[in-house]
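Q: Please take me through how individual features are read from a set of coordinates. I should like the general idea of each, followed by the case at hand.

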Amino acid sequence: MSDHTHVRPWRHIERRKSRQIRVGSVLVGGDAPISVQSMTNTPTTDAAATIDQIRQLEEAGADIVRVSCPDVESTAAFRTIVREAKVPLVADIHFHYKRGIEAAEAGAACLRINPGNIGSADRVRDVIQAAKDNGCSMRIGVNAGSLEKELLEKYGEPCPDAMVESALNHARILQDHDFHEFKISVKASDPFLTVAAYQQLAEAIDCPLHLGVTEAGPLRTGTIKSAIGLGSMLWAGIGDTIRVSLAADPVEEIKVGFDILKSLGLRHRGVNIIACPSCARQGFNVIETVAVLEEKLAHISTPMSLSVIGCVVNGPGEALYTDIGFTGGGKGAGMIYLNGKIAHKKANDGMIDHIVDLVEQKAAELDAARAAELQAAEWPATSRSAG
């Protein structure tokens, strides 16, 4: 898991330099890790159901969760929801300025809002003041499907210029009120439009950028579309926080988001399983084994790698670079590798449970080593302050 970009420069991503803001306890922008978000789809007025879904998202690794607040009953329930959440919550506000004020007072860490859409200058000022008073940041959320009428008339259709102009117009309102704790998104369901808009916006302003291909679709196709759009931007160094928008369980959005970041070496969480697609050479059922392992190892959050390869053609080579490896062999058995070295043979029967045990042991070792490093780093400072 070490950073080897000094010897493998082709793996290096130079992130765009953005200013840093705070969303509750989570830093966004600057040199902060790229955070992963999702959004609840339960009725916000059903606080118990919403809290339960937030808990599932927290367990999946969500850094930030967004909750829609469309009416006064929702912002009333939001106060209860905030108290139970372990991660910062973003209140999703559209049009009605009072909902923004209520959400800020209820404990929102961030307001997702477009200042130009909530009415008069006085109303905008009141929402901004509520955000200042309650330590809220804001997200300006521009969508291709809801651009201002005058911009559509000016440009003829949703296009990068129109989306960026909309974003900068909204940003100017906040800046004119001396409010700078904001991030911006310029999302479209078309990855081409999305990427082009973000590329243009990244050059025009230094605030953090919230990435997403909006309304990407169902789980499989939405994942592919998001991986193409978000992946190309992240590879180019653009993006400080992401949300994968899927017509699926919100937990899947978190999983896909982390998988995209893991693929680019930008975040590491859980077990990265390297597996072959299998062929006639396989010494065991690779596809079935990997599916079971993925489920059985879902509780592991420690970053580590596991290779599961069906035969000896590529298996030993892949195992050299993973924490744990299993390579299929003959006569119903395969080889276990630990830290890139041959460890022992293991029969295919019972192999899955054996690998799970090895992964759990390795995770415990890595967690203990990390805790010792942190303690060692803190000890000199403690020693100096005591002396």
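**Reading contacts, strands, helices and loops**

Q: Which residues does methionine 39 touch, leaving aside residues up to four places away in sequence?
A: Methionine 39 touches Arg66, Ser68, Asp92, Arg243, Pro250 and Glu253 when such sequence neighbours are not counted. The model is a predicted one. Contacts of this kind can be set beside separation along the chain: the C-alpha atoms of methionine 39 and valine 244 are 9.7 Å from each other, with their positions 205 residues apart in sequence.

Q: Is methionine 39 buried or exposed?
A: Burial is read from relative accessible area, with under 20% as the cut-off. Methionine 39 is buried because its relative accessibility is 14%. The residue belongs to strand E3, residues 35-39.

Q: How many of the five residues of E3 are buried?
A: Five of the five are, so the strand is largely enclosed by the rest of the structure. The two faces can be read separately: Ser35, Gln37 and Met39 are buried on one side, and Val36 and Ser38 are buried on the other.

Q: Which strands do bridges join to E3?
A: Three bridges link E3 in parallel to strand E10, residues 241-243. A further partner is strand E4, residues 64-68, which is also parallel to E3 and joined by three bridges. On the E10 side, serine 35 has threonine 241 as its bridge partner. On the E4 side, methionine 39 is partnered by arginine 66. Between E3 and E4 the chain passes through helix H1, residues 47-60, in a right-handed β-α-β crossover.

Q: What describes two packed helices?
A: Such a pair is described by the angle between the helix axes and the distance between them. Here helix H3 (residues 97-106) packs against helix H4 (residues 121-133) at about 10°, the axes being 9 Å apart. Since angles under 35 degrees count as roughly parallel, H3 and H4 are roughly parallel to each other. Tyr97, Ile101 and Ala104 of H3 meet Arg123, Asp126, Val127, Ala130 and Ala131 of H4. Of these contact residues, six are nonpolar, two are charged and none is polar.

Q: What sign of phi do most residues other than glycine have?
A: Most have a negative phi. Glutamate 215, however, has a positive phi near 50°. Glutamate 215 lies in the loop between strand E9 and helix H8, and at 57% relative accessibility it is exposed. Asparagine 339 also has a positive phi, near 55°. Asparagine 339 sits in the loop between strands E14 and E15 and is partly exposed, at 49%.

Definitions and conventions
Residues are numbered from 1 along each chain as its sequence is written. This is a predicted model: local features need pLDDT of at least 70, side-chain atom pairs count only at pLDDT 80 or more; totals for chains, interfaces and linings use all residues. Side-chain values use heavy atoms; hydrogens and water are left out. Helices (H or I, at least four residues) and strands (E, at least two) are DSSP runs, numbered from the N terminus. Buried means under 20% relative accessible area, exposed over 50%, partly exposed in between (1.4 Å probe, protein chains only). Contact means heavy atoms within 4.5 Å. Two strands pair if DSSP finds at least two bridges between them. A crossover is right-handed if, with the strands pointing away from the viewer, the path from the first strand over the helix to the second runs clockwise. Axes are lines fitted to C-alpha atoms, for helices over the stretch in contact, and angles run from 0 to 180 degrees between N-to-C directions. Angles under 35 degrees count as roughly parallel, over 145 as roughly antiparallel, 65 to 115 as roughly perpendicular and the rest as oblique. Ala, Val, Leu, Ile, Met, Phe, Trp, Tyr, Cys and Pro count as nonpolar, Asp, Glu, Lys and Arg as charged, and the others, Gly among them, as polar.
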